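Hi everyone, thanks for coming along. Let me bring the model up on the screen, and then I'll walk you through a few places in it.

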Amino acid sequence: MGMTIIDGKQTAEEYKALLKQEVNVLVATGKRPPGLAILLIGNNGASETYVANKLKTCHDVGFNASLFRFENTVSENEILNCINELNFNSSIDGVIVQSPFPNHISPQKINEAIHPAKDVDGFHPMNAGRLQQNKPCYIAATPKGIMQLIEKYKIETQGKHCVVVGRSNIVGMPMSILLSRNSKPGNCTVTICHSKTVDLASYTKRADILIAAIGSPELITAAMVKEGAVVIDVGITRVADKATKSGYKLKGDIKYDEVAAKCSFITPVPGGVGPMTIIGLLQNTLLATKNAIYN
Ligand code: NDP
């Protein structure tokens, strides 16, 4: 049986071209391009990279992106005030705050401060709730990107057993909702695993579709994966590696080489889910510009 590597980078390029076309249409009809505001607190290395990638992709497709930088010591109120101003700024369609946050800043407060119509990360309870009820909403970017990879690679989901490892509001939980919805792709039977799951392998071994969103490098080994499974690796961890120029290597949650040998589809890290996450974010921002969600 053949194995296909899911090329997130290439797929993202195709979606980028579509986004660019849509921006051109907006501009040609006298409208302004989509506007995204990104708040970044502190200077965590991985966050810096993610934000730089988001800004670059915005630039490539013709979005207006603005970066708001804050020191690690910034007060929660200062962030909330900035969000509030952006909520009222008519040239801004989407507002996101790059995680992780310093300990004195509550992610929940931040997520709830962003106006649901500008919540292009889809983390506000209003959007999470609408997702669960299958209403139009901003779908969290990573699961949204994964659904598009599943569609593009024509992966059958109906009736399949999908095991999602991880239950965060950012990835695991929305992913499990999307795959269990009555839609196409969808209609999976979903099992959610987490850190309190006893005997993780007994669940992952029964997955037709395995989605790992853990943040524990190479936790999933070949012995934990069913022959012919579809394997989606969301995890990205910087692991020290003296042989590289940066001093680290990016590792997924899947032990790639040995798992790739026995599955039907697999996403690499990097170049799998990551590039599609940015596409999901930009698609949400474009939707916000068109104000299409709550109408
Ligand atoms: P969180 O830390 O919020 O969630 C991790 C989840 O994994 C939790 O539900 C946790 O369980 C579970 N978990 C931890 N250890 C184990 C274990 N040993 N066995 C089973 N489950 C376990 O992380 P995120 O969801 O935000 O991100 C997950 C990973 O994905 C990270 O590596 C992150 O960097 C990456 N990521 C990648 C993106 C991309 O674009 N490719 C985008 C977003 C994230 P519990 O709930 O019990 O704590």
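Let's begin in a loop: P185 is found between α7 (172–180) and β6, where helices (H or I, at least four residues) and strands (E, at least two) are DSSP runs, numbered from the N terminus. Before going on, a word on the source: this is a predicted model, where local features need pLDDT of at least 70, side-chain atom pairs count only at pLDDT 80 or more, and totals for chains, interfaces and linings use all residues. Residues are numbered from 1 along each chain as its sequence is written, and side-chain values use heavy atoms, with hydrogens and water left out.

Back to P185. The peptide bond that leads into P185 from K184 is cis, with omega near -5°. The loop between α7 and β6 also holds N187, which is not a glycine and yet has a positive phi of about 55°.

There is another cis peptide bond, from V269 to P270, with omega about 0°. P270 sits in the loop between β11 and α10.

Now the sheet. How are its strands ordered? The order is β1-β11-β8-β7-β5-β6, an open sheet of six strands with parallel pairing; two strands pair if DSSP finds at least two bridges between them. At the edges stand β1 (4–5) and β6 (189–193), each with a single partner strand, so one side of each has no neighbour in the sheet. Strands β8 (residues 230–233) and β11 (residues 265–266) run parallel and are joined by two bridges. Across from V231 you'll find I266 in β11.

On to the ligand. Which residues come nearest to the ligand? Of the 19 around it (a heavy atom within 4 Å), they are R167, S168, S195, I236 and T277. By class, that shell has nine nonpolar, nine polar and one charged residues. Nonpolar here is Ala, Val, Leu, Ile, Met, Phe, Trp, Tyr, Cys and Pro, charged is Asp, Glu, Lys and Arg, and the others, Gly among them, are polar. Helix α10 (residues 273–290) gives the most to the shell, with three residues.

For the contacts, look at the side chains: an N or O atom of S168 is 2.5 Å from a ligand oxygen, and one of R167 is 2.7 Å from a ligand oxygen. From the backbone, an N or O atom of V234 lies 3.3 Å from a ligand nitrogen. Those are polar contacts, pairs of N or O atoms within 3.5 Å.

Terms used. A polar contact is a pair of N or O atoms within 3.5 Å; within protein, one must be able to donate a hydrogen and the other to accept it, and residues adjacent in sequence count only if both atoms are side-chain atoms.
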